[in-house]
Amino acid sequence: MRIQTPLPILDHASPTEKPRCPMMRKLFLNLESQTSYDERARLLASDDPREWDRIEFPLEIAAELASVCNLRCVMCPVPTTSRPPELMKEEVFAAVVAQAGAESGFILLPQGFGETFLHPRWADFLGRARAKGIGPIVLLTNGMLLDSRNIERILALEIDGLLVSIDGVTQETYGSVRVGGNLAKVEANVMAFLAARGERPRPHLALRIIRMSETEGEVEAFLERWRARVGPSDLVLINEYNDWAGKVDDRRVAERQAPSQDARVPCRMLWRNLSVQADGRVSACCHDSEAELIVGDLKAGESLGEIWRGEKLQRLRTLHHEGRLEELPICAGCRNWG
């Protein structure tokens, strides 16, 4: 299960909108890091794609702790992916921490195309990142494993943001899209988290529903249900549907079709995100479920900084600048560019 990652992880921008970041200042603890992030976000919001080339380090680093999931969601490519199920090795995450710890101005997203809580050492790994001063850290989960033990770990680590995907207000709807999930259990877990967090300022909680043909009839009820329960610094969100460049069936509601491909511009993702997959390979895009945009490999000794400035990623950016998307099938087929 992968979140659509517009800028930033806790907000959603449609493919034709500029990035927005209403919660980021609440997440950053370090003024220097916040200042660096704000400058990169300012450059990325420019209408001139050449300004994006000035961004010296990604705004988001995703680390896929698990490429396996406990659900088989119909809007997710994980159930049909050709990539093997895998848990990230300690040495790979250690490389992420060592390299990212020397930088500032980014968000660490310890997830990819899987459920992070399935990694038995997820808390140990994030503890290492915290010890290195890395933050903010935003966790994504489907909520099924958000039990008392994991809640305790989240609070102890002082995770900055927690995003839980809950697609529906009835088990019939929820179960039809999040196959294998139990809505009552997820809702109870979220309420237990809110009770355990109490008056603590963190983690900020974001609850989201993906607008799609199956859930459209329950979107307003979802917003009403959860806005009355979350805290004043939390968010209740609607994410528009993503078909992962054609990897899953298009379930958009009719009146919210994707923008015309004729209006394509360079995609900001190539200047925003580096996604470290569970095996240590690094993709230029968090939508890359089949590892089609690999630009480096931490296991081969490459660093995140080298990959960010490297020839492979620069080539992808050049193809986008020049509009040669036919040379990048995943990009040509993507309808969630922006």
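Leaving aside neighbours within four places in sequence, which residues is Arg264 in contact with? The first close-up answers this, and the others move on to further parts of the predicted model.

A note before the views: in this predicted model, local features need pLDDT of at least 70 and side-chain atom pairs count only at pLDDT 80 or more, whereas totals for chains, interfaces and linings use all residues. Residues are numbered from 1 along each chain as its sequence is written, and side-chain values use heavy atoms, with hydrogens and water left out.

**View 1. Arg264 and its partners.** Arg264 is in contact (heavy atoms within 4.5 Å) with Leu325, Cys331, Ala332, Cys334 and Trp337, once its neighbours within four places in sequence are set aside. Look for Arg264 in the loop between strand 8 and strand 9 (273-276); helices (H or I, at least four residues) and strands (E, at least two) are DSSP runs, numbered from the N terminus. Two of these partners also offer backbone oxygens to the Arg264 side chain as polar contacts, that is, pairs of N or O atoms within 3.5 Å, where within protein one must be able to donate a hydrogen and the other to accept it, and residues adjacent in sequence count only if both atoms are side-chain atoms. The backbone oxygen of Cys331 is reached at 3.1 Å, and that of Cys334 at 3.3 Å. With a relative accessible area of 18%, Arg264 is buried; buried means under 20% relative accessible area, exposed over 50%, and partly exposed in between (1.4 Å probe, protein chains only).

**View 2. Helix 8 and its buried side.** The 15 residues of helix 8 (residues 183-197) should span 21 Å at 1.5 Å a residue, and the end C-alpha atoms are indeed 21 Å apart; the expected span is 1.5 Å times one less than the number of residues. Buried in this helix are Leu183, Val186, Glu187, Asn189, Val190, Phe193, Leu194 and Arg197. They cover an arc of only 160 degrees around the axis, so they sit on the same side of helix 8; the arc is taken from the directions from the helix axis to the C-beta atoms. Facing away from that side are the exposed residues Ala184 and Ala195. The buried residues pack against helix 6 (148-157), strand 5 (161-165), helix 7 (171-177), strand 7 and helix 9.

**View 3. The two ends of helix 8.** At the start, a side-chain oxygen of Asn182 comes to within 3.1 Å of the backbone nitrogen of Ala184. Just after the helix, Gly198 has a positive phi of about 55 degrees. Follow the chain into the loop between helix 8 and strand 7 and you find Pro203, whose peptide bond from Arg202 is cis, with omega near 0 degrees.

**View 4. Strand 7, helix 9 and strand 8.** These three elements, with helix 9 at residues 219-227, make a right-handed β-α-β unit: with the strands pointing away from the viewer, the path from the first strand over the helix to the second runs clockwise. Strand 7 (residues 204-211) and strand 8 (residues 235-240) pair in the parallel sense over six bridges, where pairing requires that DSSP finds at least two bridges between the strands. Ala206 stands opposite Leu235 in strand 8. In helix 9, the buried residues are Val219, Phe222, Leu223 and Trp226. Their arc of 95 degrees, seen down the axis, means that they line one face of helix 9. That set packs against helix 8, strand 7 and strand 8, while Glu220 and Glu224 are exposed on the other side of helix 9.

**View 5. Loop residues with less usual backbones.** Most residues other than glycine have a negative phi, and most peptide bonds are trans. Trp244 has a positive phi near 50 degrees, and Ala245 has one near 55 degrees. Trp244 lies in the loop between strand 8 and strand 9, as does Ala245. Trp244 is buried at a relative accessible area of 4%; Ala245 also counts as buried, at 16%. Elsewhere, the peptide bond from Gly135 to Pro136 is cis, with omega near 0 degrees, and Pro136 is in the loop between helix 5 (122-131) and strand 4 (138-141).

**View 6. Ser289 in its loop.** Ser289 lies between strand 10 (281-283) and strand 11 (294-297). At 3% relative accessibility, Ser289 counts as buried. Leaving aside neighbours within four places in sequence, Ser289 is in contact with Pro77, Thr81, Arg83, Phe113 and Lys247.
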